[in-house]
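Grab your viewer and try a few exercises on pockets, cavities and cysteines. Each one comes with a worked solution.

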Amino acid sequence: MSDTELDADRGPLVLGPILRRVEGDRATVWVETAGPATVEVNAAPAGGAARTFAVHGHHYALIVVCGLPEGAVTPYRVKIDGVGVWPRPDDPYPPPVIRTRRAGAPVRLVFGSCREASPLSVTRYPPDALDAYARRLIASIRSDAPTEWPDLLMLLGDQVYADETPEKIQRWLRGRRGLRRADAPMTQVVDFHEYTKLYLDSWSDPEIRWLFSTVPSVMIFDDHEIIDDWNTSQRWRERMAQLSWWDQRIQAGLASYWVYQHMGNLAPGALAECPIYAAVTSAGDATDMLDEFGSRADRDPVSYRWSYTVDIDRTRLVMLDNRAARELEEGKRAMLPDSEWAWFAKQLAGDYDHLLIGSSLPWLLPPAIHHLEAATERLAGSQRARVGRFGEKLRQAVDLEHWAAFGRSFDALSALLAQIGTGHGGVSPAPASISVLSGDVHHSYAARADLGPEVVSAVHQLTCSPVHNDMPKLIRPAMKFGWNPPAARMMRSLARMLGLRKPVVRWRKTAGPHFGNVIGLLLLDGRTAHVAIEGTRPDKTLGEVAALKLS
């Protein structure tokens, strides 16, 4: 894709179609169009239509498709103002389809995080794992034996990088120099229009565009959708607030995330319950509304809930916001404020076989790193100014801001999972497996948690990252060292000196760490659960890195 193609005429369909939620006989399909239009999705005998809404001169629609047959694979077509636009006549890929489930069939899920850019834009990383997975799925469909067709693709954060843009985007940004704030970082996006170019660059990749058109997807943000270390601490927020361009960045980052990612997370049956969705889709031009929404969602984190729940037969996924809603006041730090935590705990009640918690940040880290993060939280909260400044600098310099650095929330999550795993808390019997799915840390591993003898559920941390990025080779030994028992004892001694008690959970590594581009594959069949982590090879295919039986 050349520089000029960033603003090239792409016809009436700019981006998409992206199949988002499939629920019963309904599904949602997201599109970006070149202008105001009526968009139709025909999946005979099912169908649906919607009018676009505008944001900063860009046009979007989320079409609800109704009347899908059960247990079927239904091809669909997209029309804009009555003219067919997708699939294209010369499209070399299989036609896009909407697949509805057959009750009782195994549940297949794909997950991963950290996809910095399309491999068409950035070639310095190992092959893109999501691209490789799309090619494999295409090949299986062409062989008339799609044995691994997934029910859902779960993207766990850093779908775009606002602060680490491809060189192509940077050249385009330099061309806008006179249209930007003079002190805005020239290699980073700042406004809504610039954010649209990140999504266009990443999601126009032909294999990714096909995959998104035919596999349902849900998403959650992490820091790079906004900026590295987003909401690390209150002092971090105070420092960012002093930058003249920051208000525009956070406003545009949250507004664009709502449009491109979060809107599609809403279940078809829940759209009418979302006041933002109702207001935006009825406004025609929603620019002012979404600008105000983006600012308010940052200023008042509990004014909007980014977390959500997805049920697939007897599997429950609760996707958590680990970033926007944090409580950052020292002494009260929490990954989720009390009202959001109460909502989260309520979602875990019910009767299901498998519980998945989508958490962009790992709950269980390498033990030595866990103790270091817990120690820096204590140091940064010190009443001694010099100690507090040192702890804060260390916390920000080394990205020490996972669950371990929010000790109150780490303990609360551990206790809550132990309660669910014993069959209490409204879940009877206890789920066969509880898995925390995470990314962020640019390496992959699995760990088994020990929450006490009464816990009958198999509890795991499954970390799968990156999809298309890399970890510098100089840092990899430190990640390996984090699992080393002597290193863990040394960091635990530091934590104990600071008055920190032992974690309420113990855990051991069962796979990894693996460095490279990967995706995770979950198979949930009855009360059994298996996970495979697959990484890319130089020939852009996937190979198994680890395979585990979880329950």
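Below are three exercises, each solved step by step.

This is a predicted model, so to speak of its ground rules: local features need pLDDT of at least 70, side-chain atom pairs count only at pLDDT 80 or more, and totals for chains, interfaces and linings use all residues. Residues are numbered from 1 along each chain as its sequence is written, and side-chain values use heavy atoms, with hydrogens and water left out.

**Exercise 1.** Work out which helix gives the most to the lining of the largest pocket, and do likewise for the second largest pocket.

*Solution.*
- Step 1: get the term straight. On a 1 Å grid over the protein atoms alone, a pocket is an open set of points with protein on both sides within 12 Å along at least five of seven lines, and a lining residue has an atom within 4 Å of a point.
- Step 2: take the largest pocket, at about 750 Å³. It has 34 lining residues, and Val398, Asp399, Met471, Ile475 and Met479 are the closest to its centre.
- Step 3: look at the helices (DSSP runs of H or I, at least four residues; strands are runs of E, at least two). Helix 10 (367-380) is among those supplying at least two lining residues, and it gives the most, with 4.
- Step 4: repeat for the second largest pocket, about 510 Å³. Pro367, His371, Ala488, Arg506 and Trp507 are the closest to its centre among 16 lining residues. Here helix 14 gives the most, again with 4 residues.

**Exercise 2.** Find what lines the largest cavity, and sort the lining by class.

*Solution.*
- Step 1: a cavity is a set of grid points where a 1.4 Å probe fits but cannot get out. The count comes to 3 cavities of 30 Å³ or more.
- Step 2: the largest cavity holds about 70 Å³. Its lining includes Cys114, Arg115, Trp203 and Val467.
- Step 3: by class, that lining has 6 nonpolar, 3 polar and 2 charged residues.

**Exercise 3.** Why is there no bond between the sulfurs of Cys114 and Cys464?

*Solution.*
- Step 1: a disulfide needs two cysteine sulfur atoms within 2.5 Å. The structure holds 0 of them.
- Step 2: the cysteine sulfur closest to that of Cys114 is in Cys464, but at 9.5 Å, which is too far for a bond.
- Step 3: check exposure, where buried means under 20% relative accessible area. Cys114 is buried at 1%, and Cys464 is buried at 0%.

Technical notes. Points joined across faces, edges and corners; volume = space filled by probe spheres on them. Buried < 20%, exposed > 50% of the residue type's maximum accessible area, 1.4 Å probe, protein only. Nonpolar A, V, L, I, M, F, W, Y, C, P; charged D, E, K, R; others polar.
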